[in-house]
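User: Mind walking me through this one? I have a few quick things to ask.

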There are 2 protein chains.
Amino acid sequence: MTETREIRINAFEMNCLGHLCGGLWAHPRDVSAGYKTLDYWVDLAKTLESAFIDAIFLADVLGLYDVYRAGPEAALRYATQVPNNDPLLIIPAMAAATSHLSFATTAILSFEPPYTFARRMSTLDHLTKGRIGWNIVTGYLDSAARGAGKEKQTSHDLRYDVAEDYMAVVYKLWEQSWDDDAVVADPTRHIYADPTRVYAVHHDGPYYQINAIHLSEPSPQRTPLLFQAGTSEKGKGFASRHAEAVFLNGRSKPNVQASIADIRRRAAALGRNPHDVKAFVELNVVTAETEAAARAKFDDYRKYGSIEASLALLSGWMGTDLSKYDLDEPFKHFESEAIRSGVESLTVNNRRGKVWTVRELAEATIVGGSTTTLVGSPEQIADALQEWQRDTDCDGFNISYAIRTETITDFIELVIPVLQERGVYKRAYGEGTFREKIFGRGRARLQAPHPGAAYRKNRLLADVDSA
Amino acid sequence: MTETREIRINAFEMNCLGHLCGGLWAHPRDVSAGYKTLDYWVDLAKTLESAFIDAIFLADVLGLYDVYRAGPEAALRYATQVPNNDPLLIIPAMAAATSHLSFATTAILSFEPPYTFARRMSTLDHLTKGRIGWNIVTGYLDSAARGAGKEKQTSHDLRYDVAEDYMAVVYKLWEQSWDDDAVVADPTRHIYADPTRVYAVHHDGPYYQINAIHLSEPSPQRTPLLFQAGTSEKGKGFASRHAEAVFLNGRSKPNVQASIADIRRRAAALGRNPHDVKAFVELNVVTAETEAAARAKFDDYRKYGSIEASLALLSGWMGTDLSKYDLDEPFKHFESEAIRSGVESLTVNNRRGKVWTVRELAEATIVGGSTTTLVGSPEQIADALQEWQRDTDCDGFNISYAIRTETITDFIELVIPVLQERGVYKRAYGEGTFREKIFGRGRARLQAPHPGAAYRKNRLLADVDSA
């Protein structure tokens, strides 16, 4: 066991009332109703920074969980990721209240024209002084497609072709349009930018065409730190080329281990250092001073959850309407490999080995949501995290919550000190941008052989600088 | 003279280095370089709120001023609205630092899919507790169209047809999708939203199609306070239907007077109260303790400006490359009515009555940018503002700047107290949302006969509530 390997922690959040747990906002100590206010986010950001949490990782979903009972009723009633608000707009207020906390935000490229999206991310990178990451999502709910006037989402494989074309456009805007020394900013000579060092980006791809100068001057990172969570064959190919960090669902340790090994093998085959793809595993944590107190807390949480809310989430994730099945019949309806693997990993995780009923599946997700919930004393949680790291070769965790903000506050107050004591969690932030905090000083920007770096015009000079 | 009519003041800003003046960021006291930082915007917001300024009005431009010398060189060199960053993303940090200051932001609808744009504005309306306005712009620079893969902007008239269709979609999302009582938020009954009171929006228009529930729950204002600045025939028709406030260039007092009267006549013809269209006139103000000191300040500013930077701006606004003409020849090249009217209003404004040379035109815009600069003692400025209000029937002013943040700080420290002394400027903010601050308590939301209000399902009830 590599006892001294550093563990990274992100807080997994979403700008909505109910993110991953089945209706637990109904718990009397839950403060999720504050999601509409700046106070909620600013207070959370300060709390996270007080414990040197690496980043807040913001999910986003366009569309509704409307597979269950063929409608959005359950999702609306239990506030299952709806209503939700734009994640980008909470970041500036959190950034103003912090100095080191980073922000990894999901943005769904099919709704973001690349010319203006590139400016949005450059703006955030400027305002946060380089503390921005982008979780690249191509979109997955049909109801979001209907929001754009389409009947269904673009087919999965085609979406990744579109995404490849999109990445080429935004890399050109971020990396190629302005040389590092384009901004002179000399008032005595009346010159801000040297026009000979600013270039119009030309792109004539299958899905996107552009002929324009990037509107923003170079920001600390240029390209935001790139996260991706692709699990399909196409998705893994995309992630191995572009991702600097991948984010994995923590339902099954063997699946996570295999996925991380696979993505790193693929990255290495492309000439990248396999450890230039960091891996974060989503886990939920319920902890208290003792194991018994943690178990009591877990049981208390469960009382406030809802089977219906969980079924709405599960039906959306599985793409199958679970209302069609008897709640107390063993669930064997594996219409797809994804469902089989999802259900099996729940089963494996529970170590019971039997076929679950629909009710058991739903109950298992009330507190944990889409992932495993670790329940135990701070030492037990720290042990489990170190085991997860040893067994899967992950770099850190996206800690989701059962209730807000108690779950993350408990984690910060109880678990972080144990990890620090064991020498696996930092006692101060690293300097520099998000990318530097993850990969080390001098790596503020993409570097070869990452495909984004190849777009930089004066990349030889830049590579020398960052070596 | 209606001595006691209230005057409203917005600060006219843009998330860039050089907004309207020809390179004046080169002045030693100018702090525009801070535009990339949250500190700049947060400090500005606090300053504005300390003087009860109504709103910060944020311009936005996608694309470049590349008409002059048929390229962007001058715009880049003098930082003429390029580089620029996204305006929406500075608002949350300013909102967190203030309680009453409102935020009117430009957003260019051709780059914003309505489904996600509606959520963006709802998010801002939630986070600011109803302090959001939207300056509706359809886009006007060809270089921005090239950023979207098109050769030229959609033709002017067609753009307004597209905009009408767009407004129908966003009104439906903001006003129709969620009833006022849709959010129950009762944890004891495990119910957040009543699904019978949330509706999918159906729209099958010529340019936009949608079949989706609005993702955000109702925000304080639902629809943001709507600004528009249309001056063409089509643009005025659009503004008279949708605008709750119009924003006019202050080059010529007679033109402004005629425009305001025209827009209110048109609004009245549609059954609206003509004074439900508020009018804000853009003016620049250079002031000091005495007239002589103000004139000295003005002369000092001018020394740091640049004719070239002004020519880049003027060429973009006129759509004609002024480098084709001799700087010292009288300018008579009225290729279009817009140019004639622009140049004539500069001339009228200067009260010299002669035909200007290109150099004189450019010099006249160095400090004033696109509008009139008032230069004088605080009392003279207050007189001039009251005269502008009396002569044009405007409700207030968008005060642009010569240098940052001295221009607006001078205005706040010197002119606001005089206006307060005369009883025409508030000594405290009104309560409520942006719309209520402008139109009075109980008017948080659009009301009939504004076309947006007609989309609200339970509008009869709502109208009773707000009556």
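Analyst: Sure. One definition to start with: a residue is buried when its relative accessible area is under 20%. Keep in mind that the model is predicted.

User: What share of the residues in chain A is buried?

Analyst: The cut-off to apply is under 20% relative accessible area. Out of the 467 residues in chain A, the buried ones come to 64%.

User: What radius of gyration does chain A have, and what would a compact globule have?

Analyst: The C-alpha trace of chain A spans about 75 × 55 × 45 Å along its principal axes. A compact globule with 467 residues would have a radius of gyration near 23 Å, and chain A agrees with that, at 22 Å.

User: Is A:R69 buried or exposed?

Analyst: A:R69 sits in the loop between β2 (55–59) and α2 (73–78) of chain A. Its phi is near 55°, which is positive even though the residue isn't glycine. The cut-off for exposed is over 50%. A:R69 has 51% relative accessibility, so it counts as exposed.

User: Which residue does A:A448 join through a cis peptide bond?

Analyst: The partner is in the loop between α15 (434–439) and α16 (459–466) of chain A. Omega for the bond is about 5°, and the residue joined to A:A448 is A:P449.

User: How many residues of α6(B) are buried?

Analyst: Helix α6 of chain B covers residues 156–176 and reaches 29 Å from first C-alpha to last, close to the expected 30 Å. The helix is mostly covered, and of its 21 residues the buried ones number 16.

Notes: Residues numbered from 1 in each chain as written. Chains lettered and ligands numbered in written order. Predicted model: local features only at pLDDT ≥ 70, side-chain atom pairs only at ≥ 80, totals over all residues. Heavy atoms only, no water. Helix = DSSP H or I, 4+ residues; strand = E, 2+ residues; numbered from the N terminus. Expected span 1.5 Å × (residues − 1). Buried < 20%, exposed > 50% of the residue type's maximum accessible area, 1.4 Å probe, protein only. Rg over C-alpha atoms; globule rule 2.2 N^0.38 Å.
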